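Me: I have a structure here and would like to understand it step by step. Can we go through it together?

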Amino acid sequence: MSSVRNNKDKTIKDFGEQWLKYPGNEGYYGSLELFSDILSPFLKPEQIRDCNVAEIGSGTGRFVNILIEVGAKHVIAIEPSDAFEILCRNIRQPEKVTCLKITGDQLPAYGNLDYIFSIGVLHHIPDPGPVVDAAFKALRSGGHFLIWLYGKEGNNLYLTLIRPLRSITKRLPHFFLASLVEIIYWPLVLYNMICHRFPLPLHGYLLSVFEKASPNKRKLTIYDQLNPSYAKYYNQFEVKKLLSDGKFVNIQIHHRHGYSWTVIGTKPNF
Ligand SMILES: C[S@@+](CC[C@H](N)C(=O)[O-])C[C@H]1O[C@@H](n2cnc3c(N)ncnc32)[C@H](O)[C@@H]1O
């Protein structure tokens, strides 16, 4: 249990340091286009209009701003790390947002939220069950929980390479990790170019997401893979179990760009 706690705390600390170094949300990285791509095929941004929503693990607030932009009535933004200050600073309409510096399992049981989002977060939490339970309690009956997670399927070669590398890089201080990212960047750009001709592993992600981002945000993406202490790659069974164990129903799963999962579940009407 204490190793779960250590991993949880260390991962939050890692993200605090990461976002202090990469605080901006500019370009495709913080765009409606990317957010729509993540929600697809289950939800269109216009369905969020006039809704009360929350985001668990908001980071620097890129999607909080998009939620407001598409017309959410109010957003609860949760971020437990030192990035909380950056989150608050980056919010463009603070009167429509409540920022809380808490972990996901501490989300208050509002019971009236229409949607809760958690994009790229639950796979960084060693024991995500209590977060799913808190989301369930915070939603209204009929409300939806949409999550995006790293996938295991479609990532076999990538995981063979990244797992041993991460055992070292998650311990590196920022300067060394940022230097390593600079080294990895150019071969990856070359690999991306080759993917235009051949359907190599991860081509779906590289052509649909990675290459649309600016060089700085591509480097952040590499850093984000190598930095956090804890990262789990979910298979389809585990993804479904995560939400069904939390009593969600109508669980739908989409294998996004062949490497990750967009998942939505509904809180039943009692
Ligand atoms: C990969 S980032 C994603 C941030 C944001 N959702 C986005 O897509 O830009 C993961 C975020 O989850 C946060 N996080 C980590 N553990 C958490 C927990 N137990 N509860 C809530 N958030 C957590 C981290 O601090 C980090 O900001």
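Me: What radius of gyration would a compact globule with 270 residues have, and what does the chain have?
Reply: First, a caution: this is a predicted model. A compact globule with 270 residues would have a radius of gyration near 18 Å. The chain agrees with that, so the value asked for is 18 Å.

Me: How far does the C-alpha trace span along its principal axes, and how many helices and strands does the chain have?
Reply: Along the principal axes, the C-alpha trace spans about 50 × 40 × 35 Å. As for elements, the count is 10 helices and seven strands.

Me: In what order do the seven strands form their sheet?
Reply: The sheet is open, and its pairing is mixed. Neighbouring strands are turned against each other by 15 degrees on average, direction ignored. The order is 3-2-1-4-5-7-6.

Me: Why is one side of certain strands left without a neighbour in the sheet, and which strands are they?
Reply: Look at the edges of the sheet. A strand there has a single partner strand, so one of its sides is left without a neighbour. The two at the edges are strand 3 (97-100) and strand 6.

Me: Do strand 1 and strand 4 run parallel or antiparallel?
Reply: Strands of a sheet can pair either way, through backbone hydrogen bonds. Here three bridges join strand 1 to strand 4 (residues 113-119). Val53 stands opposite Tyr115 in strand 4. The two strands run parallel.

Me: In what sense do strand 6 and strand 7 pair, and over how many bridges?
Reply: Strand 6 covers residues 249-256, and strand 7 covers residues 260-266. One partnership links His254 to Thr262 in strand 7. The sense is antiparallel, over six bridges.

Me: Which residue takes a positive phi in the hairpin of strand 6 and strand 7?
Reply: Most residues other than glycine have a negative phi. This hairpin has three residues between its strands. With a positive phi near 50 degrees, the residue is His257.

Me: Where does Lys247 lie, and what is its phi?
Reply: Lys247 lies in the loop between helix 10 (236-245) and strand 6. Lys247 is not a glycine, yet its phi is positive. The value is about 75 degrees.

Me: Which residues does a cis peptide bond join?
Reply: Most peptide bonds are trans. In this case omega is about 5 degrees. One partner, Pro41, lies in the loop between helix 2 (32-39) and strand 1. The bond joins Ser40 and Pro41.

Me: How many residues surround the ligand?
Reply: The closest are Gly57, Arg62, Glu79, Gly104 and Ile119. By type, the shell divides into nine nonpolar, seven polar and five charged residues. The total is 21 residues.

Me: How much of the ligand does the protein bury?
Reply: Start with the contacts. A polar side-chain atom of Glu79 lies 2.6 Å from a ligand oxygen atom, and a backbone N or O atom of Gly57 lies 2.7 Å from a ligand nitrogen atom. Taken alone, the ligand exposes 590 Å², and the protein buries 97% of that.

Me: Which element gives the most to the shell around the ligand?
Reply: Those giving two or more residues are helix 1 (2-21), strand 1 (52-56) and helix 3 (62-69). The top giver supplies four residues, and that is helix 1.

Notes. Residues numbered from 1 in each chain as written. Predicted model: local features only at pLDDT ≥ 70, side-chain atom pairs only at ≥ 80, totals over all residues. Heavy atoms only, no water. Near = heavy atom within 4 Å. Polar contact = N/O pair within 3.5 Å; in protein donor to acceptor, adjacent residues only side chain to side chain. Areas by Shrake-Rupley, 256 points an atom, 1.4 Å probe, with all protein chains shown as cover. Nonpolar A, V, L, I, M, F, W, Y, C, P; charged D, E, K, R; others polar. Pairing = 2+ DSSP bridges. Axes fitted to C-alpha atoms, helices over the stretch in contact; angles between N-to-C directions. Rg over C-alpha atoms; globule rule 2.2 N^0.38 Å.
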